[in-house]
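Here is a short report for a newcomer. Look at the sequence and the model first, then read on.

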Amino acid sequence: MGCMYSTNNGRKNFGNCECIILASETCFSVNEIEALYVLYRRLGSSAVDEGLINKKEFELALLGNCGQRNLFVDRVFKWFDLKNNGVITFEDFVRSLSIFHPSTSETDKIAFAFNFYDVRNTGYIERAELKDMLLAIFEELEVTPSDNLVEAILEKTFVEVDHKQDGKIDQEEWKEYMARSPLLMKNMTLPCLKELTTTFPSFFISSEVCDSDLRAARDVCGSKRSKSSSKIQNHQSGPYLLLQDIGS
């Protein structure tokens, strides 16, 4: 088939040679990259068909809305926008998704998760920035947690992770936490990325979450809305890592 990527604004073409290079530098095969290209083109033409995914198209595809400023949304988009130029190229798209491939090393997954929560790029995850991320995630899920719930999640996390008790989580502490938390590592893996075909249906991928987990999250948050439960189910993977702490 062969990937072909071109735009009308002077950006480079993307062809079969680039597919081969991407396959050699990520966990995807050439065929899987071709399947991702079909998805990429679909997402990149939802607003303006310019051969790239802009932030509006990204938010519509991933989150079902756009235009509302949210720290979580900004962090996810920044993760995909590797060149930091306000758009996601196909190369960006493939390399960013690769972190969730089953064959990606645990070391890379742990490093990504740490950097995602290290909002201020200090080399530590501090309590304030973790709180900001939790609130942003709850906002995106359309759940309004009590102050007590948020503080309980933060306290539980820091008791379990901050062994030095200095009010911040360093990379070594985070690595140890991930090593003894299998669910966290599982949430960093999307099994379907190993079985991509050109019929790959959607950017939304629901992981296998048992009903009791969903009920616990709903009950603790005090939310009875099925929409919120659905969003929690659809976002149990990837950056929503610490939501495993809800109700536990």
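## Annotated stretches

UniProt positions are given in the numbering used here, and such annotations may be inferred rather than shown by experiment. With that in mind, the UniProt record, an unreviewed entry, carries the annotation "domain: EF-hand". The annotation covers residues 68-103, 105-140 and 149-184. The model itself is predicted.

Two of these stretches can be described by their secondary structure. Residues 105-140 are 72% helix and 6% strand. The C-alpha atoms at the two ends of that stretch lie 29 Å apart. Residues 149-184 are 69% helix and 6% strand. Here the end C-alpha atoms are 20 Å apart.

## The chain as a whole

How many helices and strands does the protein chain have? There are 12 helices and four strands. The chain has 248 residues, and 49% of them count as buried.

Contacts also reach along the sequence. Take those between residues at least 6 apart in sequence: 63% of them join residues at least 24 apart.

## Two helices that cross

Two packed helices are described by the angle between their axes and the distance between the axes. Helix α4 spans residues 71-80, and helix α7 spans residues 127-140. They pack at an angle of about 100°, and their axes are 7 Å apart. Angles of 65 to 115 degrees count as roughly perpendicular, so α4 and α7 are roughly perpendicular to each other.

Which residues meet in this contact? From α4 come Leu71, Phe72, Val73 and Arg75. From α7 come Asp132, Met133, Ala136, Ile137 and Glu140. By class, the contact has six nonpolar residues, three charged residues and no polar ones.

## Asn54 in strand β1

Strand β1 covers residues 53-54, and Asn54 lies in it. Is Asn54 buried or exposed? Its relative accessibility is 16%, and the cut-off for buried is under 20%. Asn54 therefore counts as buried.

The side chain of Asn54 reaches the backbone nitrogen of Glu57 at 2.8 Å. Beyond its neighbours within four places in sequence, Asn54 is in contact with Phe77, Gly86 and Val87.

## Two loop residues with positive phi

Asn84 sits in the loop between α4 and β2 (87-88). Asn84 is not a glycine, yet its phi is positive, at about 55°. With a relative accessible area of 61%, Asn84 is exposed.

Gln165 is found in the loop between α8 (147-161) and β4 (168-169). Gln165 is not a glycine, and its phi is positive, at about 55°. Its relative accessible area is 71%, so Gln165 is exposed.

## Around β4 and α9

Lys168 lies in strand β4. With a relative accessible area of 26%, Lys168 is partly exposed. Lys168 and Arg127 are 41 residues apart in sequence, but their C-alpha atoms are 6.4 Å apart in space. Setting aside neighbours within four places in sequence, Lys168 is in contact with Tyr124, Ile125, Glu126, Phe158, Asp162 and Glu173.

Asp170 follows in the loop between β4 and α9. At 13% relative accessibility, Asp170 counts as buried. Its side chain makes a polar contact with the side chain of Lys164 at 2.7 Å. The side chain of Asp170 also reaches the backbone nitrogen of Glu173, at 2.7 Å. Not counting residues up to four places away in sequence, Asp170 touches Phe114, Gly123, Tyr124 and Lys164. Tyr124 is thus a contact of Asp170 and of Lys168.

## Trp174 and Ser105

Helix α9 covers residues 171-179 and holds Trp174. Trp174 counts as buried, at 1% relative accessibility. Where does Phe114 stand relative to Trp174? The two are 60 residues apart in sequence and 6.9 Å apart in space, C-alpha to C-alpha. Phe114 is also one of the residues that Asp170 touches.

Ser105 is in the loop between α5 (90-98) and α6 (106-117). With a relative accessible area of 32%, Ser105 is partly exposed. Ser105 and Cys27 are 78 residues apart along the chain, and 9.8 Å separates their C-alpha atoms.

Definitions and conventions:
Residues are numbered from 1 along each chain as its sequence is written. This is a predicted model: local features need pLDDT of at least 70, side-chain atom pairs count only at pLDDT 80 or more; totals for chains, interfaces and linings use all residues. Side-chain values use heavy atoms; hydrogens and water are left out. Axes are lines fitted to C-alpha atoms, for helices over the stretch in contact, and angles run from 0 to 180 degrees between N-to-C directions. Angles under 35 degrees count as roughly parallel, over 145 as roughly antiparallel, 65 to 115 as roughly perpendicular and the rest as oblique. Contact means heavy atoms within 4.5 Å. Ala, Val, Leu, Ile, Met, Phe, Trp, Tyr, Cys and Pro count as nonpolar, Asp, Glu, Lys and Arg as charged, and the others, Gly among them, as polar. Buried means under 20% relative accessible area, exposed over 50%, partly exposed in between (1.4 Å probe, protein chains only). A polar contact is a pair of N or O atoms within 3.5 Å; within protein, one must be able to donate a hydrogen and the other to accept it, and residues adjacent in sequence count only if both atoms are side-chain atoms.
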